[in-house]
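The following exercises concern a single protein chain. Each task is followed by a solution that proceeds in steps.

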Amino acid sequence: TILDNQRKTGAYYGFYLQDEWKIFEPLTVNFGARFDVVDEYAHANQLSPRVNVVFEATKSTTLHAGYARYFTPPPLELVQSQSINKFVGTSNQSAVAQSSSVQPERAHYFDAGMTEQFTRAFSMGIDGYYKISRNLIDEGQFGSALIFSPFNYAKGNQYGAEVTANYTQGGFNAYANFG
């Protein structure tokens, strides 16, 4: 029998300010900043600015582009190395003998897209994004563990596109997307 009665309390605080300016009739700018503090396995903070521009090109066509900085703390439900060490010499010994502490992910996120309102009830849109991450957080199962453990990649790039469709009539709303 191996007992591992541990607990961890974590705190995550976030403060943000945001505003919207209608520069002139078809152009709107949203901007703001968020300050995050995490105090758990990782102790870190970050100021994350964000800005988004929306341009109504025609009565039915809207264009948008934006930037945001993101701060994502590691999940609190991770397995610490002291817990893994209790299984050394057993059939549940981890194949990974050591690891570094999981760090918060810090990312720059760029986004641009277009929405077309075909009828009063039906619209479609296309959106592209690109994300540059440092300490990209992922989760994996190492050994015969029953839970996932978070870990970091030093760097990561994510990018893609999404097509959306939305239909709203009275109290009925249908939404579909493909990425």
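**Exercise 1. An arginine in a loop**

Arg 120 lies in the loop that connects β5 to β6. Strands and helices here are DSSP runs numbered from the N terminus, with at least two residues (E) for a strand and at least four (H or I) for a helix. The model is predicted, so that local features need pLDDT of at least 70 and side-chain atom pairs count only at pLDDT 80 or more, while totals for chains, interfaces and linings use all residues. Residues are numbered from 1 along each chain as its sequence is written, and side-chain values use heavy atoms, with hydrogens and water left out.

Task: State whether Arg 120 is buried or exposed.

Solution. Step 1: the classes are buried (under 20% relative accessible area), exposed (over 50%) and partly exposed in between, with a 1.4 Å probe and protein chains only. Step 2: Arg 120 counts as exposed because its relative accessibility is 84%. Step 3: the C-alpha atom of Arg 120 is 58 Å from that of Ile 84, and the two residues are 36 apart along the chain.

**Exercise 2. The order of the sheet**

Task: Determine in what order the strands of the open sheet are arranged.

Solution. Step 1: two strands are taken to pair if DSSP finds at least two bridges between them. Step 2: eight strands form the open sheet, in the order β1-β2-β3-β4-β5-β6-β7-β8, with antiparallel pairing. Step 3: β1 (11-24) and β8 (172-178) are the edge strands, each pairing on one side only. Step 4: on average, neighbouring strands of this sheet are turned by 15° against each other, direction ignored; the axes are lines fitted to C-alpha atoms (for helices, over the stretch in contact), and angles run from 0 to 180 degrees between N-to-C directions.

**Exercise 3. Pairing around β4**

Task: Identify how many bridges join β4 to β3, and how many pair β4 with β5.

Solution. Step 1: seven antiparallel bridges join β3 (residues 43-56) to β4 (residues 61-72), and a hairpin of four residues connects these two strands. Step 2: one bridge on this side links Glu 56 with Thr 62. Step 3: β4 pairs with β5 (residues 105-117) over twelve antiparallel bridges, and Thr 61 has Glu 116 as its bridge partner in β5.

**Exercise 4. From β7 to the edge**

Task: Describe where Asn 166 is found and which residues it touches.

Solution. Step 1: Asn 166 belongs to strand β7, and its relative accessible area of 24% makes it partly exposed. Step 2: leaving aside residues up to four places away in sequence, Asn 166 touches Ala 121, Phe 122, Ser 123, Asn 173, Ala 174 and Tyr 175, where contact means heavy atoms within 4.5 Å. Step 3: β7 (residues 149-169) is joined to β6 (residues 122-140) by 18 antiparallel bridges, and Gly 128 has Ala 161 as its partner in β7. Step 4: β7 is also joined to β8 by seven antiparallel bridges, with Ala 165 bridged to Ala 176. Step 5: the hairpin of β7 and β8 has two residues between the strands, and Gly 170 in the turn has a positive phi of about 60°. Step 6: among the seven residues of β8, the count of buried residues is zero.
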